[in-house]
Amino acid sequence: MPDFIFFAHFLRRRAWLLLAAPILYGLVAFGWSQRLAPVYQAQAMLQVSPASLSSGDIGAIAASERLASTYAQIIVQPATLEATIARLSQNGAAPTWPLAVTAEPIRETQLIRLRVEGPSPAAAAQVADAVAQTFIETNRMRQVARFAASKTNLEQQMAALETQIKQEAAGSASSEVLSRLRQSLSALTASYETVRLAEAQASDNVTVVQPARASARPLRPRPLFNALAAAIVGLMMALAAALLLEALDDRLNSAERVTAAIALPVLATVGRSSGLDQSGLVISQAPHSAAAEAYRMLRANLRFTSLDRPLRTLSVVSAEPGEGKTTTAANLAVALAHAGQRVILVDADLRRPRLHTVFGVSNNLGLTTALLPDGGPLTAHLQPTAVPGLHLLTSGPQPPNPAELVGSERMVALLSDLRQAADVIVLDTPPVLAVADAALLAHASDATLLVVDAQGTRRRSAQRAMALLTTAGAHVVGAVLNRLPLPAGTYGQYYGPTAP
């Protein structure tokens, strides 16, 4: 389940990138493909025959297969292509585009597949046929030239023997001499015929078995295919970029990151809430929501942390301003009161108090007036709320020396009086990194709860806050991961309507 939630958070945070990149890449590739000129492909098939048709042995066929591989390389050489262009130029059909010719032997056959690309099916087919014919003629000329020297040499020897035979006959040579000379001439004649036969067979060993054919559909561009391929590439790049951003993102936006950074258990994960008024009391306004359930889970988990150490005073702190400590303190106090406990919620943030606004009460009396020597009884400064069992001690008028007040002996005595008046005291304190008040109050409390904003709290800020709290001797029992964008149904699929 944690892996699923982490993956869901990752997708939600980076959804814009994972969606935008493939769409953008796909649209660009599609538009670029539409602007390209179409390219068609024609295909012809050549066959390399065995050098000796009469033998038909496996060796001759194997030799033809090897020869097909050699010919496939020769076909695409510049000499063949230049000769093809010259051939087409004589007919007024010289190609005006760079020739793209490929030739490959088909395995375990004597066939060569010849492919040519062109701006139209007809142009591609015409060039493919021209390449095939040019190669066949060039190959025939090459074979003729290869046998020409042997034929010339044999012809010269035969002519010399014929002349010698005539001379010997005129000189009345013996029949034995004439017989020997005629045998030699016969052998030369047989060799000559053998060379001529080999020349004929070699010069005609390449034939066209399938004239060039071109598809009516262009080989490229393929806009839809290119768009899909580009979208896949875009998704892969977006995923890589998203993972890099996650690695560089030092926000504590998951329970795993919180625990790894500050070695605290996450007692509750609170998602963002909508449709609430400015008080933010989700546990009262939307008691069956996922956020309300998270505060009830926080209430239960706090009980487990205080099995060996009674939790009478709890400081709720954060590293920086605006991370949700006031909302957390208020909702936790309501959840504790719903559980039947007598709760006093104290606004100990004497610089930027908010709890009087959350509960809609006056701030004329409160913590600062209760700390005065002539402040009167504590009950005169407490205000009831609409939640049974929950009383509020607002901050009161802003003093000139907040740190001296919260660190005074009078504050220690006031906390002792508050313990007598309630089961649990929840203190909403200033941010730890902003002023020293929070550390002083945390030291005087039985336990401290650190609120982490999943969208704003940085690793170093949380670590500095923990260092200050540890130095002050605070007993930090856990963290609350606040404002986490939870996927729909994370709680709802497990919990129905829950009693307060």
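**Exercise 1. Find how strand 1 and strand 4 pair, and then place them in their sheet.**

Step 1. Strand 1 (residues 40–48) and strand 4 are joined in the antiparallel sense by 6 bridges, where strands are DSSP runs of E with at least two residues and helices are runs of H or I with at least four residues, numbered from the N terminus, and where two strands pair if DSSP finds at least two bridges between them. Within this pairing, Ala42 has Ala214 as its bridge partner in strand 4.

Step 2. This is a predicted model, in which local features need pLDDT of at least 70 and side-chain atom pairs count only at pLDDT 80 or more, whereas totals for chains, interfaces and linings use all residues. Residues are numbered from 1 along each chain as its sequence is written, and side-chain values use heavy atoms, leaving out hydrogens and water.

Step 3. The open sheet has 4 strands in the order 2-3-1-4, with antiparallel pairing. Strand 2 and strand 4 (206–214) stand at the edges with a single partner strand each, so one side of each is left without a neighbour in the sheet.

**Exercise 2. Determine whether Gln110 is buried or exposed, and what its side chain reaches.**

Step 1. Gln110 lies in the loop between strand 2 (100–105) and strand 3 (111–118).

Step 2. Its relative accessible area is 16%, and buried means under 20%, exposed over 50%, and partly exposed in between, with a 1.4 Å probe and protein chains only; Gln110 is therefore buried.

Step 3. The side chain of Gln110 reaches the backbone oxygen of Val48 at 2.9 Å.

Technical notes:
Polar contact = N/O pair within 3.5 Å; in protein donor to acceptor, adjacent residues only side chain to side chain.
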